[in-house]
Amino acid sequence: AGATSVYGARGGNGVILITTKSGKSGKTQFNFNTSLGFQNNAVKGAKPLTGAQKKELWMEAYYNSNGEAGSFTKDQAYNVYAAGNPNSALVRWVNAGEKEYNWSDLLSNKNAMIQIYDFSATGGDEKSSFYASLGYNKTESTVIGSEFRRVNGTFNYNRELTDKVDYKFSVNVSNTKQDGILEQGAFFSNPNTIKYLMSPWNNPFNEDGSYNTSLSGLHNPMYTIANNDLVNDLTRIINSNSISYEIFEDFKFNTLFSMDYQLNNYRNYNNPFHGDGDGVGGYAENSHSSNFNYVSQNSFDYRFFLGDHRFDAKILMEFQKNKNNYLYAYGENLPEGFKYL
């Protein structure tokens, strides 16, 4: 009932109230916490074939299609195949020494690091208290070329201005950056997809050490991750100010003003030489969005008693406004070295 009285139909199913930490009066206390760890995929998933296993299945299929009539035996299958297909991927792999290329391992970031640091201070006197904190989080992905980083700060301040007037102030500022890939996307530059499609015979590098980009139409994600960009950068500021005035005992006036500002920049670049940008001469897309939401709330609260029963009455007025701006641009056929629109 209390939630519905404040939030109307929006609170019909209940309201979740989130409160941040507040300060404690007394001598200033400092606290520092850190957490270091690592992560790996909990489920390994399907296991790709090794080079030898693929060769075995390939020769079995070749014999079943061509040798069952008695023209050659299973043991002769490879020699017959090599004689008729001297430039095939299998023959080139065998002639190069049958070196195995485990793309699942090549594209994994094993024991991906997680670093979390938090520092806070709290204190105050008889009429005021404060709480301040700084936090840093850096989490690597379990595949190459992806990570998450967040920096945030919080400051809360409470002050008893007079015997009847209380003031509260809080602000939270954070910046979050996601530098990575769409790990669940069904596209060829996705390491989680390509590791099942790539042949274990394919060397990710050329003889001169450069990336191999001739992989039968498949993308070499080691090249695209190094030469493409996909970045989400979000800055958010949440601020709240409130004043409570006790007009007389059991009768209070409360006023609140809070705002939430979000600024998001998105950037995606695909190089013109290999990968998704190859067919259009490279492409880039950028978007910029901002969202500003603020709420002003004023209320009178009155508590009274009739016999053994207590009653609470509230009169409330709320005004809310949201402003959103969004700008998006896309371009193709980019000159080399140009990543931004």
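# Exercises around tyrosine 81

Leaving aside residues up to four places away in sequence, tyrosine 81 is in contact with Trp58, Met59, Tyr62, Ser88, Leu90 and Val91. The model you are looking at is predicted, and the exercises below start from this residue.

**Exercise 1. Is tyrosine 81 buried or exposed, and in which core does it take part?**

Step 1. Look up the accessibility: tyrosine 81 has 7% relative accessibility. Buried means under 20%, so tyrosine 81 counts as buried.

Step 2. Turn to the largest nonpolar core, which has 13 residues. Those touching the most other members are Met59, Tyr62, Ala77, Tyr78, Tyr81 and Leu90.

Step 3. Ask which elements build this core. Helix 2, helix 3 and helix 4 (89–95) each give two or more residues to it.

Step 4. Check for another core. There is one of eight residues lying apart from the largest, and its members include Tyr101, Met198, Leu215 and Met222.

**Exercise 2. Classify the aromatic pair of tryptophan 58 and tyrosine 81, and work out which parts of the chain the pair ties together.**

Step 1. Begin with the total, which is 22 aromatic pairs in the model. In the pair chosen here, tryptophan 58 and tyrosine 81 have ring centres 6.5 Å apart, with 75° between the planes.

Step 2. Apply the angle rule: planes over 60 degrees apart count as edge-to-face, and that is the class of this pair.

Step 3. Place the residues. Tryptophan 58 belongs to helix 2 (residues 51–66) and tyrosine 81 to helix 3 (residues 77–84), so the pair ties together parts 23 residues apart in sequence.

Step 4. Add the accessibility of the partner: tryptophan 58 is partly exposed, at 37% relative accessible area.

**Exercise 3. Which class fits the ring pair of tyrosine 62 and phenylalanine 72?**

Step 1. The ring centres of tyrosine 62 and phenylalanine 72 are 5.6 Å apart and the planes meet at 20°, so this pair is stacked.

Step 2. Tyrosine 62 sits in helix 2, while phenylalanine 72 is in the loop between helix 2 and helix 3, 10 residues apart.

Step 3. Both residues can be sorted by accessibility: tyrosine 62 is buried at 18%, and phenylalanine 72 is buried at 8%.

Step 4. Now widen the view. Trp58, Tyr62, Tyr63, Phe72, Tyr81, Trp93 and Trp201 make up one aromatic cluster.

**Exercise 4. Which rings have a lysine over the face?**

Step 1. Take tryptophan 201: lysine 54 lies over its face, 4.6 Å from the ring centre.

Step 2. Take tyrosine 78: lysine 55 lies over its face, 4.7 Å from the ring centre.

**Exercise 5. Place asparagine 111 and describe the strands that follow from there.**

Step 1. Asparagine 111 is in the loop between helix 5 (103–106) and strand 2 (112–124). With 44% relative accessibility, asparagine 111 is partly exposed.

Step 2. Beyond residues up to four places away in sequence, asparagine 111 touches Phe38, Gln39 and Asn40. The C-alpha atoms of asparagine 111 and glutamate 140 are 9.1 Å apart, with these positions 29 residues apart along the chain.

Step 3. Strand 2 pairs antiparallel with strand 1 (residues 26–39) over 12 bridges; glutamine 39 has alanine 112 of strand 2 as its bridge partner.

Step 4. Strand 2 also runs antiparallel to strand 3 (residues 128–140), joined by 11 bridges. Here the bridge partner of tyrosine 117 is tyrosine 136 in strand 3, and a hairpin of three residues connects strand 2 to strand 3.

Terms used: Residues are numbered from 1 along each chain as its sequence is written. This is a predicted model: local features need pLDDT of at least 70, side-chain atom pairs count only at pLDDT 80 or more; totals for chains, interfaces and linings use all residues. Side-chain values use heavy atoms; hydrogens and water are left out. Helices (H or I, at least four residues) and strands (E, at least two) are DSSP runs, numbered from the N terminus. Buried means under 20% relative accessible area, exposed over 50%, partly exposed in between (1.4 Å probe, protein chains only). Contact means heavy atoms within 4.5 Å. Two strands pair if DSSP finds at least two bridges between them. Rings of Phe, Tyr and Trp (its six-membered ring) pair if their centres lie within 6.5 Å; planes under 30 degrees apart count as stacked, over 60 as edge-to-face and the rest as tilted. A charge sits over a ring if NZ of Lys or CZ of Arg is within 6 Å of the ring centre and within 35 degrees of the ring normal. A nonpolar core is a set of buried Ala, Val, Leu, Ile, Met, Phe, Trp, Tyr and Cys residues joined through side-chain atoms within 4.5 Å.
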